[in-house]
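Biologist: Could you walk me through one part of this model, slowly enough for a first-year student? I would like to see how a sheet is put together and what packs on it.

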Amino acid sequence: MIEYTTKYNVKTTMYQQFENSVKQRGNNDCLYYYNNTLSWNETAKLVDECAAALVANGVKKGDRVIICLPNMPQCVAAIYAVNKIGAIASMLHPLSVKSEADYAKKLVGAKVAFCFDVSEKAFTQNPDLTLIKCKTASYFPKNIMGLIYNLGYKKKIKGKTAPAENVKKLIEWGEFLKEGQDYISKNGVPETATDPEATAAIMMTGGTTGNPKGVMLSSEAINNLSYQLVDVVTEVMNMEIDQDNDAMLTALPVFHGFGFALCMNVSMCVGMAQSLFPAFDAKMCSAAIKKYHLNYIFGVPDFFEKVYKAGYLEGVDMSTMKLIGSGGDVVPYSLTEKMDKLLKANGAKVHFVSGYGLTECVTVCTFTDPRREAPQGCIGVPCYNVECMTVEPGTTEECKCKDGELCVYAPTLMQGYWNDPEETEKVLVKHDDGKVWLHTGDMCYIDERGDIYYRQRLKRVYKISGYLVYPSFIEESYRTMDEIYDCCVIGKENNGKTTLKLFVVKNKKNKNDDEAELIEKIKKFGEDNLSKWSLPREIVFIDELPRTKIGKVDFKVLK
């Protein structure tokens with residue numbers, strides 16, 4: 001068992017953390033959603049009714065329930081309802097197609113699933129499945145603004161929806177809650193499960209290798225990560241958690257560990273309000289930051305690039321900002337510089353932070369220090385109760401002050417991959433110190449002061465003429481050119497030799513530049529700033545980089 005110390009009681013279930021906050025906060029604001037507000041008591045009522053309805057539909061402790069929803073009140077209620085009764089929330093991307101939904105359902109053996117307007121069709125032809133449909137507009141405000149939102153949303157999803165045919169039961173969220181109300185009137189609220197070490201959630205991930213896998217996470221591990229953020233605020237920043245005035249932006253998707261544990265569950269643990277967004281909309285999120293004085297803001301790099309470029313947060317008072325930063329993909333140093341400039345101009349006392357993590361340890365395990373400007377390429381230092389080391393790839397042999405595979409030891413480590421002990425053993429490895437370490441598959445460097453520098457995924461490290469070449473370093477160098485907005489380097493195999501191909505997204509002001517001249521300028525820049533092994537043989541201009549559903553650059557598409 002992992003030994004750790006913390007002043008917070010993490011040895012509870014997620015629901016018990018939420019329940020404790022409900023007792024403290026009562027009728028105070030809990031969820032903001034499209035200018036509508038739900039109190040803690042109102043949210044608790046949804047959770048209890050949802051839990052009762054799940055029991056009424058045969059869900060038992062240990063059963064897996066698929067939650068294929070964006071960030072909306074029904075999603076939050078479903079997660080904590082599932083946890084309350086001791087079932088397992090199997091999180092699935094809300095834009096999953098049928099093949100992905102079928103794969104996840106078969107993998108975890110789910111008989112119940114939550115969907116929304118767009119994801120309903122992904123569950124068609126599942127005759128053993130009870131499907132609860134949650135409309136995005138259900139909790140829009142009941143006023144003229146809600147009507148406007150609804151009209152805009154209907155236009156947005158037009159042609160993207162279809163009914164789920166041949167399922168065991170299809171029921172609307174409102175009717176589902178009525179089943180819960182009926183159950184409670186006859187049997188009372190279902191008993192609360194209390195085992196913090198039981199699997200609470202399964203997060204779908206590609207893992208460090210191979211096909212999609214289900215990462216098993218306990219309530220205790222999830223709570224640990226949530227309170228690590230609290231540790232940063234209280235112990236590093238010497239700030240207090242202010243339940244009445246602090247508020248979180250929950251726009252990072254909760255089907256991913258970052259949004260799940262560091263946005264949604266943090267708010268539930270400490271009793272502060274959160275603003276839910278089904279999708280990252282730079283303008284709407286910025287408006288919410290202003291309206292609700294959100295002072296915990298996390299997003300992907302692309303979100304902050306859009307916010308900065310559009311000037312949505314210029315002149316906004318950020319003197320109460322406590323944590324703001326990016327994860328989910330490599331954070332360009334140029335973005336850190338721009339956001340630090342914006343924060344300083346707006347009166348913030350913190351720096352823009354970036355983090356690193358994997359779903360296999362809930363997500364974030366390192367953070368840059370919010371009190372100082374992060375060195376270029378740095379992904380931070382280990383969070384509280386987290387240990388990091390680098391080893392020679394493919395071994396358990398530690399290598400200090402040189403590039404190696406990053407390994408993590410923490411109370412946030414996964415229990416393993418669902419029904420896949422073979423793949424689990426590949427990444428959870430017992431070392432000579434007797435500890436089981438997570439082998440991340442990422443090449444990193446740890447300097448003498450403990451700062452960790454990300455190099456590359458092992459799969460994206462290329463060997464050219466015997467030299468290791470890191471695409472992320474090359475990309476970071478080219479992004480400093482005024483003409484380049486973004487770029488990506490891909491390795492190509494030609495007759496047994498690897499060459500590099502550079503995809504370039506031009507800055508808007510340079511979109512009409514002569515491309516032949518720009519290619520020559522890029523080549524000259526590379527020759528002046530990079531080793532000869534790092535120079536791309538081919539340069540291609542594209543309008544934008546393809547991205548995965550969670551906003552990371554999709555290298556497979558570029559290949």
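Modeller: Happily; here is one sheet, strand by strand, and then the helix beside it. This is a predicted model, so local features need pLDDT of at least 70 and side-chain atom pairs count only at pLDDT 80 or more, while totals for chains, interfaces and linings use all residues. Residues are numbered from 1 along each chain as its sequence is written, and side-chain values use heavy atoms, leaving out hydrogens and water.

Our sheet is open and has three strands in the order 25-26-27, with mixed pairing. Helices (H or I, at least four residues) and strands (E, at least two) are DSSP runs, numbered from the N terminus. At the edges are strand 25 (484–494) and strand 27 (538–541), each of which pairs on one side only; pairing takes at least two DSSP bridges between two strands. From one strand to the next, the twist averages 25°.

Now look at strand 26, which covers residues 497–506. Strand 26 pairs with strand 27 in the parallel sense, over four bridges. To find your place there, look for Val504, which stands opposite Phe541 in strand 27.

Which helix packs on the sheet? That is helix 14, made of residues 515–529. Helix 14 touches strand 25, strand 26 and strand 27, where contact means heavy atoms within 4.5 Å. The direction of helix 14 makes about 135° with that of strand 27; such angles run from 0 to 180 degrees between N-to-C directions, with axes fitted to C-alpha atoms, for helices over the stretch in contact.
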